[in-house]
Amino acid sequence: MTQIRLRPPPTYEQLRTMTGQELGVSDWTTVDQSRIDQFAECTGDRQWIHVDPERAKRQSPFRATIAHGYLTLSIIGALALDMGIVPENTQAVFNYGFDKVRFLAPVRAGARIRLRITLLSMEDKGPGQYLMKAANIVEIEGEKKPALTAETLVMLYERRRRRAGA
């Protein structure tokens, strides 16, 4: 999933001025059956449409197994970090929540997806704390309709500068 970055990540000052701008597009990543099976095992959601390729081929309207919607949603964090949009002087990044999540199209086993992020807001929440709100679109390679759209809320903590003599 890692891609070589040609430009440095934005600074906090730059992010404050980038509302409404696209922050980037990730590399493609494959959602294969093994990944779907691991997610099913981890969550206990072993519904046949996700984990039984033979039955899905016969009975599913998609004629294949599909990824869990929550699996696709959970991949957003890793893809966003790989994109290099977090300022270098960040101490910590925490998921703060989601708004307006919509699952629009199934991700068939073996499909490749990528993430497109647009900054919606960057709000100061205290000294060195920022709440970033971003619009996320998870695209499916070769498909017109995205897998999902979601607004992410992420709390960023800027690395504290040491005081002289401390």
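**Close-up views of a predicted model**

Read from the start of the sequence to its end, the protein runs through the pattern α-β-β-α-α-α-α-β-β-β-β. The model shown here is predicted, and the legends below walk through it view by view.

**View 1. The whole chain, to get your bearings.** The protein holds five helices and six strands. Measuring along the principal axes, its C-alpha trace spans about 70 × 30 × 30 Å. Of the 166 residues in the protein, 37% are buried. Among contacts with a separation of 6 or more, 70% join residues 24 or more positions apart. The accessible surface of the protein is about 9900 Å², and carbon and sulfur atoms account for 50% of that area. As for charge, the protein has 24 positive and 19 negative charges, and the mean positions of the two sets lie 2 Å apart.

**View 2. The largest nonpolar core.** This core brings together 34 residues. Which of them have the most contacts inside it? They are Val31, Val107, Leu115 and Ile117. Two or more residues come from each of helix H1 (12–16), H2, helix H5 (69–82), strand E4 (111–126), strand E5 (129–140) and strand E6 (148–158).

**View 3. Leucine 115 and its surroundings.** Here we zoom in on one of the core residues with the most contacts, Leu115. Setting aside neighbours within four places in sequence, leucine 115 is in contact with Gly24, Val25 and Ser26, with Ile76, Leu79, Ala80 and Met83, and with Asn136, Ile137 and Val138.

**View 4. Glutamine 33 in helix H2.** Glutamine 33 belongs to helix H2, which covers residues 33–43. What does its side chain reach at 2.8 Å? The partner is the backbone oxygen of histidine 50. Not counting residues up to four places away in sequence, glutamine 33 touches His50, Val51, Pro53, Thr65 and Ala109.

**View 5. Two residues with positive phi.** Most residues other than glycine have a negative phi, so the two residues in this view are good ones to inspect if you like checking backbone torsions. Arginine 63 has a phi near 60° and sits in the loop between helix H4 (53–59) and H5. Lysine 100 has a positive phi of about 50°, and its place is in strand E3, residues 90–103. Is lysine 100 buried or exposed? Its relative accessible area is 57%, so lysine 100 counts as exposed, the cut-off being over 50%.

**View 6. Glycine 126 in strand E4.** Glycine 126 lies in strand E4. Its relative accessibility of 31% makes glycine 126 partly exposed. How many Å separate the C-alpha atoms of glycine 126 and tyrosine 157? The separation is 9.6 Å, for two residues that are 31 residues apart along the chain.

**View 7. Glutamine 129 in strand E5.** Glutamine 129 is part of strand E5. At 26% relative accessibility, glutamine 129 is partly exposed, because that value falls between the 20% limit for buried and the 50% limit for exposed. Apart from neighbours within four places in sequence, glutamine 129 is in contact with Glu123 and Asp124, and also with Leu156 and Tyr157. For a sense of distance, pick the C-alpha atoms of glutamine 129 and glutamine 59: the two residues are 70 residues apart along the chain, and these atoms are separated by 50 Å.

Terms used:
Residues numbered from 1 in each chain as written. Predicted model: local features only at pLDDT ≥ 70, side-chain atom pairs only at ≥ 80, totals over all residues. Heavy atoms only, no water. Helix = DSSP H or I, 4+ residues; strand = E, 2+ residues; numbered from the N terminus. Buried < 20%, exposed > 50% of the residue type's maximum accessible area, 1.4 Å probe, protein only. Contact = heavy atoms within 4.5 Å. Areas by Shrake-Rupley, 256 points an atom, 1.4 Å probe, with all protein chains shown as cover. Lys, Arg positive; Asp, Glu negative; His and termini not counted. Charge placed at Lys NZ, Arg CZ, Asp CG, Glu CD. Polar contact = N/O pair within 3.5 Å; in protein donor to acceptor, adjacent residues only side chain to side chain. Core = buried A, V, L, I, M, F, W, Y, C linked by side-chain atoms within 4.5 Å.
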